[in-house]
Amino acid sequence: MSSIQVALQAIDSFVWGPPLLILLVGTGVYLTVRLGLLQVLRLPLALRLVFGRDQGQGKAGDVSSFAALCTALSATIGTGNIVGVATAIKLGGPGALFWMWMAAFFGMATKYAECLLAVKYRVTDANGQMAGGPMYYLERGLGSRPLAKLFALFGIGVAFFGIGTFPQVNAISDAMTLSFSVPREVTAVVLTLIVGLVTLGGIQSISSVSSKVVPFMALFYIVSCLGVLVANASALPDAVALVLSSAFTGQAATGGFVGAGVLLAIQSGVARGVFSNESGLGSAPIAAAAAKTDSCVEQGLVSMTGTFFDTIIICTMTGLTLVVTGVWSGDLSGAAMTSAAFAQGLNPHVGQYLVSIGLLFFAFTTILGWNYYGERCTEYLFGVRAIKPYRLIYLALVACGAFLHLDMIWLLADIVNGLMAVPNLIGLIGLRHVVVAETRAFFARNEDTEPEGETQTA
């Protein structure tokens, strides 16, 4: 291992270490308290808004609120829901799943706040499309253009070299080769063509595909997991009890049933939970800004359900499947561990295909979602004329991603992904009074009731 790679690993461990995780979760805790448990008390309203008939007809925006949510979910529901959960449980034991729940619970408040701000401070670009996200509320709300530019730069880096391309393309090519014997060259060509056809159409095309694929792939995966859980129903109560007990006692799979510190369970669970649902990283607000809505609070409520669906539901399905089948304590890790759980819980042959199909859909939609995020960051920094060159570069990186195994680039991407959160969290903390004031005013206006919170101050 080169000295550069060692240095990058050290930086990566620092960036995703306790300080950032504490800041991410701490921001969520603060917002939860100030907004009066909004993610619990207002979740029924949020779900009604997601599945309601009024999807923004006649309101400013590019796509419906549901389509904007699906675009955000297309980027967040990815390989982390299959591989990331397995990694967390492998490192921190079943208790890591509990801490993923905690990260998601407080992360819902963070997701609500950042997507509220995205709609409040969004603008119309030179092409007539809605543009918003951390770049805009950092500049227009907080008054810090340097932080806004820094966030946009990190966002392009993640789209080009990290979550958006190489890991996802590799996951797809590996699944197609191992499960269906499709050559990498064929996968690369077909995938690039499909991504090109979808992404060159912009947000309308991406959201249209996401609105169809995301609900289908989520339902497909949940039903598959339920099949395993139903087949092992007798072991489910003990599995849940193990998750809850080991969250506070520490029991890791590494090396067999070896006692592990509670801190390891907390760190692995919180880190993987945040990495999966991206609450606080600032990516989802970019999609939320495109929604057809005249209420930043309503869009914030819709968007926070993304964390609920991603972690509370889908990651829970994966985690319980791993624990109930007992594969978490074996020698396998990552996607292989999840495949083993399906093979043991359902059928040795069917299990492998279910995981491969899940990875295929999850990774494909992540490519689409991150293409849009990077495009908006590019437009912010360089204007609308840079959008077409950006799309062509993105497609080129997708095309070559199937043949690259660049650990160093993935480390860089992981670092940049974590760094995205820093300017975004500064914006959330700096604009917290705006979030609370908008929330109080909305519910006072619509229900004559106000959630507990602070008033806006100068």
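This is a chat about the cavities, the largest pocket and some helix packing in a predicted model.

User: Let's start with enclosed space. How many cavities of 30 Å³ or more turn up in the whole structure?

Analyst: A search of the whole structure gives two at that cut-off. The largest cavity holds about 80 Å³ of space, and the second largest holds about 60 Å³.

User: Which residues lie nearest the centre of the largest cavity?

Analyst: Ala72, Lys111, Ala284, Ser303 and Gly306 do, out of 13 lining residues. Helix 5 (65-76), helix 7 (95-120) and helix 16 (296-325) are the elements that give two or more residues to that lining.

User: And which helix has the largest share there?

Analyst: Helix 5, with five residues of the lining of the largest cavity.

User: What's the mix of classes around the largest cavity?

Analyst: Its lining divides into six nonpolar, five polar and two charged residues.

User: OK, now the second largest cavity. What lines it?

Analyst: The lining is Leu24, Val25, Met102, Ala103, Phe106, Gly107, Thr110, Val274 and Ser279. At least two of the lining residues come from helix 2 (18-34), and at least two from helix 7. Helix 7 gives the most, with five residues.

User: How many charged residues are in the lining of the second largest cavity?

Analyst: None; that lining has six nonpolar and three polar residues.

User: Switching to open space. How much space is in the largest pocket?

Analyst: About 1,300 Å³. The largest pocket is lined by 46 residues, and Val83, Gly84, Thr87, Arg272 and Phe275 are the closest to its centre.

User: Which helices supply at least two residues each to the lining of that largest pocket?

Analyst: Quite a list: helix 1 (3-15), helix 5, helix 6 (83-92), helix 10 (166-180), helix 14, helix 17, helix 18 and helix 20 (407-430). Helix 10 has the largest share, at eight residues.

User: And the chemistry of the largest pocket's lining, by class?

Analyst: There are 21 polar, 19 nonpolar and six charged residues in the lining of the largest pocket.

User: Now packing. What angle do helix 5 and helix 18 cross at?

Analyst: Roughly 115 degrees, and their axes come within 6 Å. Is there a handedness to add? Yes, the crossing of helix 5 and helix 18 is left-handed.

User: Which residues make that contact between helix 5 and helix 18?

Analyst: On helix 5 they are Thr71, Ala72, Ser74 and Ala75, and on helix 18 they are Phe362, Thr365, Thr366, Gly369, Trp370, Tyr372 and Tyr373. By class, the contact has six nonpolar, five polar and no charged residues. Ala72 also came up earlier, among the residues nearest the centre of the largest cavity.

User: What about helix 17 against helix 18, how do their axes sit?

Analyst: The axes of helix 17 (residues 334-345) and helix 18 (residues 348-382) cross at roughly 135 degrees and come within 7 Å. That angle makes helix 17 oblique to helix 18.

User: Left-handed or right-handed, where helix 17 passes helix 18?

Analyst: Right-handed for helix 17 and helix 18. Helix 17 brings Ala335, Thr338, Ser339, Phe342 and Ala343 to the contact, while helix 18 brings Pro348, Gly351, Leu354, Val355 and Leu359. The contact of helix 17 with helix 18 has seven nonpolar and three polar residues, with no charged ones.

User: Last pair: how far apart are the axes of helix 14 and helix 16?

Analyst: The axes are 9 Å apart, and helix 14 (residues 262-277) packs on helix 16 at an angle of about 130 degrees. The two helices are therefore oblique to each other. Helix 14 passes helix 16 in a right-handed crossing.

User: Which residues meet between helix 14 and helix 16?

Analyst: From helix 14, Gly273, Ser276 and Asn277; from helix 16, Thr307, Asp310, Thr311 and Cys315. Those contact residues divide into one nonpolar, five polar and one charged.

Note on methods
Residues numbered from 1 in each chain as written. Predicted model: local features only at pLDDT ≥ 70, side-chain atom pairs only at ≥ 80, totals over all residues. Heavy atoms only, no water. 1 Å grid on protein atoms, 1.4 Å probe; cavity = no way out; pocket = protein on both sides within 12 Å on 5 of 7 lines; lining within 4 Å. Points joined across faces, edges and corners; volume = space filled by probe spheres on them. Helix = DSSP H or I, 4+ residues; strand = E, 2+ residues; numbered from the N terminus. Nonpolar A, V, L, I, M, F, W, Y, C, P; charged D, E, K, R; others polar. Axes fitted to C-alpha atoms, helices over the stretch in contact; angles between N-to-C directions. Parallel < 35°, antiparallel > 145°, perpendicular 65-115°, else oblique. Left-handed = near helix turned anticlockwise from the far one by under 90°. Contact = heavy atoms within 4.5 Å.
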